[in-house]
Amino acid sequence: RCAVTNGCISYAGTPLVSTSAANCNFWEGTTSTDADDASNWSLGVVPSTASKDVLIPRKVQNSCTYSTESTTNVSMKDLWIQNGATFNAGTKSHFVSGDFTNNGTFNSSTGIVTMNGTAAQAINGSSGTSFYNYINKNIGTGITLGVATTIQNTFTLSSGILDASSFNLILPAAGTVVGGEDESHVKGTMLKTTAATSKFTFPLGDGTQYKSIAITPSGTGSTV
């Protein structure tokens with residue numbers, strides 16, 4: 001057994017001890033796949049506070065799934081998705097004040113993930129993560145990509161720098177950008193696939209100054 005005493009940690013093939021995980025709300029799935037059912041969580045509550053980590057472990061009976069009908073917000077500190085585990089985000093707004101670590105499968109559906117920490121944050125994992133809607137709202141030293149990350153629909157820059165110096169930020173043809181200024185932009189590499197010849201403005205900068213780049217593709221189906 002693996003006792004968790006300081007938030008959620010990754011473990012290998014051994015169960016967690018619920019009573020030891022005071023700062024970790026981990027998915028048990030003992031009742032159903034319904035993530036809005038408190039009985040499926042180790043702390044007996046649906047994740048709703050930025051002070052508790054959330055762990056989605058492998059080897060559970062039911063996958064963690066938020067229904068498409070539910071609109072209640074979900075809040076957590078660190079989010080861990082283990083290798084072999086699946087987290088289905090549904091249509092909810094998920095607020096992550098710590099790190100987002102995906103070593104398994106994250107199904108974004110049409111939900112929103114907001115990284116809203118007050119200190120440095122990271123998007124990590126062994127699996128590239130694809131968000132549907134993503135909001136960058138860090139008021140600390142910014143958010144660092146530790147893995148290639150895709151934003152399928154709307155990428156909103158509200159506050160803080162998104163550091164893509166080591167891993168690419170990818171927007172497909174349907175991806176759009178809202179925002180971009182000195183206080184909030186992308187530092188590093190962005191890839192944009194376009195199905196049109198319309199201009200696209202990359203919200204880039206050097207981490208201090210906003211230095212956007214606008215490109216008009218010469219043909220359809222281009223990646224720039």
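These legends go with a set of close-up views of a predicted model.

**Figure 1. The whole chain is a strands-only affair as far as helices and strands go, with 20 strands and zero helices.** Of the chain's 224 residues, 42% count as buried. The chain exposes about 9700 Å², and carbon and sulfur atoms supply 49% of that area. How much of the contact count comes from residues well separated in sequence? If you take the contacts with a separation of 6 or more, residues 24 or more positions apart account for 30% of them.

**Figure 2. Here is a little open sheet with the strand order β3-β6-β9.** Its three strands pair in the parallel sense. Which strands sit at the edges? They are β3 (64-65) and β9 (105-107), and each of these pairs on one side only. Zoom in on β3 and β6 (residues 86-88) and you'll find two bridges joining them. C64 is a handy place to start, since its bridge partner in β6 is F87. As a reminder, strands of a sheet pair through backbone hydrogen bonds, either parallel or antiparallel.

**Figure 3. Strand β15 (residues 162-171) has several parallel partners, including β13 (residues 143-145).** Two bridges hold β13 and β15 together, and T144 has D163 of β15 as its bridge partner. Strand β14 (residues 149-159) also pairs with β15 in the parallel sense, again over two bridges. In that pairing, look for T149 and its bridge partner in β15, L169. How many bridges join β15 to β17 (residues 186-194)? There are six, and these two strands run parallel as well. One spot to pick out is I170, whose bridge partner in β17 is L191.

**Figure 4. This view goes inside, to the largest nonpolar core, which has 37 residues.** Six of its members touch the most other members: I56, F100, I123, Y134, F155 and L169. Which strand gives this core its largest share? That's β15, with four residues. You have met L169 already, as the bridge partner of T149. There's a general pattern to keep in mind here: in soluble globular proteins, nonpolar side chains tend to be buried together.

**Figure 5. Time for some aromatic rings, starting with the pair F100 and F131.** Nine aromatic pairs turn up in the model. In this one, the ring centres are 5.2 Å apart and the planes sit at 70°, so the pair is edge-to-face. The cut-off for that label is over 60 degrees. F100 belongs to strand β8 (residues 100-102) and F131 to strand β12 (residues 129-137), so the pair links distant parts of the chain, 31 residues apart. Are these two residues buried or exposed? F100 is buried, with a relative accessible area of 1%, and F131 is buried with a value of 1%.

**Figure 6. Another aromatic pair, Y134 and F155, is tilted.** The rings lie 6.0 Å apart, centre to centre, with 40° between their planes. Y134 is in β12 and F155 is in β14, so the pair ties together parts that are 21 residues apart in sequence. Y134 counts as buried at 1% relative accessibility, and F155 counts as buried at 0%. Leaving out residues up to four places away in sequence, Y134 touches quite a list: V113, M115, I123, I143, I151, T154, F155, T156 and L162. Zoom out a bit and you'll see one aromatic cluster formed by Y66, F87, F100, F106, F131, Y134 and F155.

**Figure 7. Strand β12 also holds N133.** Is N133 buried or exposed? At 14% relative accessibility, N133 counts as buried, because the cut-off for buried is under 20%. Setting aside neighbours within four places in sequence, N133 is in contact with T110, G111, I112, V113, N153 and T154.

**Figure 8. The last stop is T201, in strand β18 (residues 200-202).** T201 has 33% relative accessibility, so it counts as partly exposed. Not counting residues up to four places away in sequence, T201 touches Y210, S212, I213 and A214. How far is T201 from T216 in space? The two are 8.8 Å apart, C-alpha to C-alpha, with their positions 15 residues apart in sequence.

Conventions
Residues numbered from 1 in each chain as written. Predicted model: local features only at pLDDT ≥ 70, side-chain atom pairs only at ≥ 80, totals over all residues. Heavy atoms only, no water. Pairing = 2+ DSSP bridges. Buried < 20%, exposed > 50% of the residue type's maximum accessible area, 1.4 Å probe, protein only. Contact = heavy atoms within 4.5 Å. Areas by Shrake-Rupley, 256 points an atom, 1.4 Å probe, with all protein chains shown as cover. Core = buried A, V, L, I, M, F, W, Y, C linked by side-chain atoms within 4.5 Å. Phe/Tyr/Trp six-rings, centres within 6.5 Å; stacked < 30°, edge-to-face > 60°.
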